[in-house]
Amino acid sequence: MNCLICGSNNISSTDTIVSDFVMARIAPNEKENYKTKLCFCKECSFAFYEYRINSEEEQALYRNYRDSEYQKTREKSECWYTEKINNLLNNDSTSINEQKRVIRKILNDNGITNIKSALDYGGNEGKTFFDEIGTENKYVFDISGVPTVKGVENISDFTKLSDYKFDFIMCNMLFEHLADPMSLMGTLKDIGDDNTIYYIEVPSENPFVSGNKHSISKNLKLVFNPHFNFFKLVKYYFKKRKDPFMTMHEHINFYTADSMKKMIDLSGFTCIDIQENEEDTAIGRQTVLSALFKKSVGM
Ligand SMILES: [Zn+2]
């Protein structure tokens with residue numbers, strides 16, 4: 001197995017399986033969970049699962065994302081994922097406002113202004129926009145077909161993307177889900193020009209980074225969250241303890257600042273800034289990695 005970002009074969013890995021929930025979505029008739037490995041690249045510090053979902057599995061996993069069928073299927077194996085939690089996540093204005101705050105911060109820190117035309121790649125309804133980004137045009141590219149909010153235009157036809165000129169292209173909370181992140185970097189490169197500023201945001205939850213709060217504090221937060229049933233949760237954690245380490249869920253890529261920079265450099269871009277910031281969400285606080293970059297000169 002080679003690193004999906006830098007191509008190195010200097011990889012350490014730990015055996016695990018695809019989670020019950022992902023199995024129920026991508027292969028509901030399968031008797032046993034697929035085996036996989038959680039891999040860590042010792043060269044660039046990127047972590048990822050060896051099993052890569054194909055495009056049909058990807059569609060099955062994300063179709064009608066967070067609708068009631070998704071919620072019910074998920075609650076069967078993850079008791080904390082109640083209807084209430086699903087609704088909270090679907091209407092999480094806290095995390096959208098926090099995301100805006102972080103984007104505004106990294107743009108201000110780097111003196112980036114005058115963003116007339118902006119695209120949110122994979123941006124659902126286009127709720128992440130704020131006044132300063134896309135002062136003339138705000139666009140979303142999203143295949144989900146959800147209607148966009150007022151003032152945001154949906155470009156649903158992929159082939160049309162290169163007809164537009166974008167001063168800013170952002171891609172929030174998508175790269176951690178992608179089977180082939182380098183391929184999307186190529187796509188993003190094709191749809192921007194030499195002056196386009198790019199922004200990527202992912203959770204900072206690489207399980208191999210020492211001091212990473214990934215499992216323990218997050219899990220504790222879930223237990224003490226007033227929205228959850230404590231006894232159900234205790235039962236859930238006893239079951240979880242029998243599972244292998246970090247069964248494969250929706251997040252299949254785990255970045256660090258180093259691996260993010262590597263991905264940007266190797267795709268023909270130059271980093272402007274990479275930051276780690278905290279964001280509040282409806283169900284707790286998370287650390288996010290934000291990268292700002294543009295095309296390398298002459299690439
Ligand atoms: Zn690597």
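**A walk through a predicted two-sheet chain**

Over residues 213–217 the pLDDT stays under 50, and for this stretch the model has 3 contacts beyond four places in sequence. Where pLDDT is low, the predicted coordinates should not be read in detail. The whole structure is a predicted model, and for the chain as a whole the mean pLDDT is 90, with 89% of the residues reaching 70 or more.

The chain holds 9 helices and 11 strands, and of its 299 residues, 29% count as buried. Among contacts between residues at least 6 apart in sequence, 67% join residues that are at least 24 apart.

The strands can be followed sheet by sheet. One open sheet has 7 strands in the order β6-β5-β4-β7-β8-β11-β10, and its pairing is mixed. Its edge strands are β6 (153–154) and β10, each of which pairs on one side only. Within this sheet, strand β7 (residues 168–172) and β8 pair in the parallel sense over 5 bridges, and C171 has I200 of β8 as its bridge partner. The connection from β7 to β8 involves helix α6, since β7, α6 and β8 make a right-handed β-α-β unit. On the way along the sheet order, β8 also pairs with β11, here in the antiparallel sense and over 6 bridges, with I200 standing opposite A291 in β11. I200 therefore appears in both pairings, as the bridge partner of C171 and as the residue opposite A291, in a strand of which 6 of the 7 residues are buried. Because of that burial, β8 (residues 197–203) is largely enclosed by the rest of the structure. Beyond β11 comes β10, and the two strands run antiparallel, joined by 12 bridges; in this pairing E278 has T287 of β11 as its bridge partner.

The other open sheet described here has 4 strands in the order β1-β2-β3-β9, with antiparallel pairing. β1 (11–17) and β9 (253–254) stand at its edges with a single partner strand each, so one side of each is left without a neighbour in the sheet. Inside this sheet, strand β2 (residues 35–41) and strand β3 (residues 47–49) pair in the antiparallel sense over 3 bridges, and L38 stands opposite Y49 in β3.

How is the nonpolar interior distributed? The largest nonpolar core has 55 residues, of which F46, F48, I169 and Y198 touch the most other members. This core draws at least three residues from each of domain 1 (11–91 + 206–254) and domain 2 (93–204 + 272–295). For Y198, the contacts can be listed: leaving out residues up to four places away in sequence, Y198 touches I169, L188, G192, F269, F293 and K294.

Helix α9 (residues 257–266) offers another view of the packing. S259, M260, K262, M263 and I264 of this helix are buried, and the buried residues of α9 pack against α6 (181–191), β10 (269–281) and β11 (284–295). An α-helix has 3.6 residues a turn, so residues three or four places apart point the same way. After α9 comes G268, whose phi is positive, near 90°.

Some loop residues deserve a separate look, beginning with those that have a positive phi without being glycine. R66, in the loop between α2 (55–62) and α3 (68–77), is a residue other than glycine with a positive phi, near 60°. R66 counts as partly exposed because 14 C-beta neighbours lie inside 10 Å, whereas a residue needs 20 or more to be buried and 12 or fewer to be exposed. M246, found in the loop between α8 (230–242) and β9, likewise has a positive phi in a residue other than glycine, with a value near 45°. With 18 C-beta neighbours inside 10 Å, M246 also counts as partly exposed.

A last loop position is N124, which lies between β4 (115–121) and β5 (133–141). N124 is partly exposed, with 18 other C-beta atoms within 10 Å. Which residues does N124 touch, not counting those up to four places away in sequence? The contacts are D142, S144 and V146. The C-alpha atoms of N124 and D142 are separated by 5.8 Å, although the two residues are 18 apart along the chain.

Definitions and conventions:
Residues are numbered from 1 along each chain as its sequence is written. This is a predicted model: local features need pLDDT of at least 70, side-chain atom pairs count only at pLDDT 80 or more; totals for chains, interfaces and linings use all residues. A nonpolar core is a set of buried Ala, Val, Leu, Ile, Met, Phe, Trp, Tyr and Cys residues joined through C-beta atoms within 7 Å. Domain bounds come from an automatic or database domain assignment. Two residues are in contact if their C-beta atoms, placed from the backbone, lie within 7 Å. Two strands pair if DSSP finds at least two bridges between them. A crossover is right-handed if, with the strands pointing away from the viewer, the path from the first strand over the helix to the second runs clockwise. pLDDT is the predictor's confidence in each residue, from 0 to 100.
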